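Me: I would like to go through this model and check what each description rests on. Please set the values against the definitions.

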There are 2 protein chains.
Amino acid sequence: VLTPEELERLRVVLVRSRNPLNIGAAARALSNFGCLRLRVVHPYPVAFREARSAVDAEPVLSAAEDFDRVAPAIADCVLVVGTTAGTRRVPEAPLCRLEAGAELIRAYLRSGSRVALLFGSEKVGLSNQDLSHCQLLLRIPTRTKHPSMNLGQAVAVVLYELIRESPAEAAVPAETVQPLATAAERERLIALLLEGLSVNGFAHGVSHTRMEEKLRRLVRHLTLTPSDVSEWLGLLRQLLGKLRIAKALHRKP
Amino acid sequence: VLTPEELERLRVVLVRSRNPLNIGAAARALSNFGCLRLRVVHPYPVAFREARSAVDAEPVLSAAEDFDRVAPAIADCVLVVGTTAGTRRVPEAPLCRLEAGAELIRAYLRSGSRVALLFGSEKVGLSNQDLSHCQLLLRIPTRTKHPSMNLGQAVAVVLYELIRESPAEAAVPAETVQPLATAAERERLIALLLEGLSVNGFAHGVSHTRMEEKLRRLVRHLTLTPSDVSEWLGLLRQLLGKLRIAKALHRKP
């Protein structure tokens, strides 16, 4: 886990972003994950101005630094990392999957170094000139058939990978997962319970909706296999049958 | 790692999405990460129609299934998982961080079960009624100060966590990371080399830009510490001084 001081050493650099919605979305992701240092290189001025009004990201956007070239935007950084869909490379800059690259970035941030993380424009990504500044290229593991991500989503995914923790709980092996009933099977049980309980109205004047939510909560809490459900359904149908007969008899005289 | 067959068991369910851009962005994330089964519950009809033209996500959007309530949208699923910023809960549905929850979801998908992953509307998220269907709640580990994510970004982050791999390379311990020169220090070296090499023009008629990129690549490839850089700068300044004197002498006669 990175401390706020370590995260503070990260600079997210958006190069030639064209869409104010994307700049705003990127800024929101920075804010969500506690990486508060945004830099923009040569954005469309109008895009940058409009992004400044993006929801919930004002502090990040108003503190954003504006540069006209890549070199000054990364000047104070020791490690310069580019992002790519993997279709474009530069000689000698290793290309690695995000999961592995994030380990290296965290190590640099922990060691006290500043790291620049470059994202290219929506249409063409980072240019060869931009990439020539990079010591490492990151690839988000998208499908070969559809590698190119939306800018705001790419920023969110990379930052999430940087701040995520290894799950404290051990992995759940597949063989310990019980084959459970589907939601539809559970709903049949709930419907039957509701039907039974609604005969002559619910106790304490509880509404149908409240009772339904309560039953759903109770049923969800049970660890029901498909055969459990069919057994319970059978029992409930019997009870409901008895209830109807009793009601009919009561009405007769 | 999940196989395409295992991923095929996942249903991403967008509940009452209002913004066509967000529906489109969510569909794009599904396509990027190979989760191709989208369901929408009661979206604004116009939003859903407009989203159908979203870039690169046509196959996912045109195959999307449309429901008017949550229950039928999750009916064939064994595990129903809700997403929340953590500010709202339901009794008895455990709330866990995405990293841990993803382990469980993968285990269910591997065991052959279908899993529904619910995302609420942009403004208010999932309602209590929606949450009453969920057996597990996921929280993306955002900052307490700014927990609420953009819908498209939240979908991208959750799907990325599901498909990510443990880095094959071991973690790089911080102490093995050398304190390296900053990009600005490297640029000073490149500038000086360029200056020296440009005296009397570059060999083979190479352009200034090409030479700059070539030098940047070569310098980037060096593992330079700050003291390396200052030593190299000193040497280069000496060479450049000699070059200027030689040129001046040559011009004299």
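Me: What do the buried residues of helix 10 of chain B pack against?

Reply: They pack against helix 7 (128–131) of chain A together with helix 9 (183–198) of chain B. Contact here means heavy atoms within 4.5 Å. The model is predicted: local features need pLDDT of at least 70, side-chain atom pairs count only at pLDDT 80 or more, and totals for chains, interfaces and linings use all residues. Residues are numbered from 1 along each chain as its sequence is written, chains are lettered from A and ligands numbered from 1 in the order in which they are written, and side-chain values use heavy atoms, with hydrogens and water left out.

Me: What makes residues 208–221 of chain B a helix, and how many residues does helix 10 have?

Reply: A helix is a DSSP run of H or I of at least four residues, and a strand a run of E of at least two, numbered from the N terminus. Helix 10 of chain B has 14 residues. Its first and last C-alpha are 20 Å apart, close to the 20 Å expected at 1.5 Å a residue; the expected span is 1.5 Å times one less than the number of residues.

Me: Which residues of helix 10 of chain B are called buried, and why are they said to line one face?

Reply: Buried means under 20% relative accessible area, exposed over 50%, and partly exposed in between (1.4 Å probe, protein chains only). M211(B), E212(B), L215(B), R216(B), V219(B) and R220(B) are buried. Seen down the axis of helix 10 of chain B, these residues fall within an arc of 160°, so they line one face; the arc is that of the directions from the helix axis to the C-beta atoms. R210(B) and H221(B), on the other side, are exposed.

Me: Why are the two copies described as related by a two-fold axis?

Reply: A turn of 180° and a shift of 0.0 Å along the axis lay chain B on chain A with an RMSD of 0.1 Å. The copies are thus related as by a two-fold rotation axis.

Me: Why are strand 3 and strand 5 of chain B placed at the edges of the sheet?

Reply: The open sheet has seven strands in the order 3-2-1-6-4-7-5 (chain B), with parallel pairing. Strand 3 (65–67) and strand 5 (95–97) each have a single partner strand, so one side of each is left without a neighbour in the sheet.

Me: How do you know that strand 1 and strand 6 of chain B pair?

Reply: Pairing requires at least two DSSP bridges between two strands. Five bridges join strand 1 (residues 10–15) to strand 6 (residues 115–119) of chain B, so the two pair by that definition.

How values were computed: Least-squares fit on C-alpha atoms with pLDDT ≥ 70 in both.
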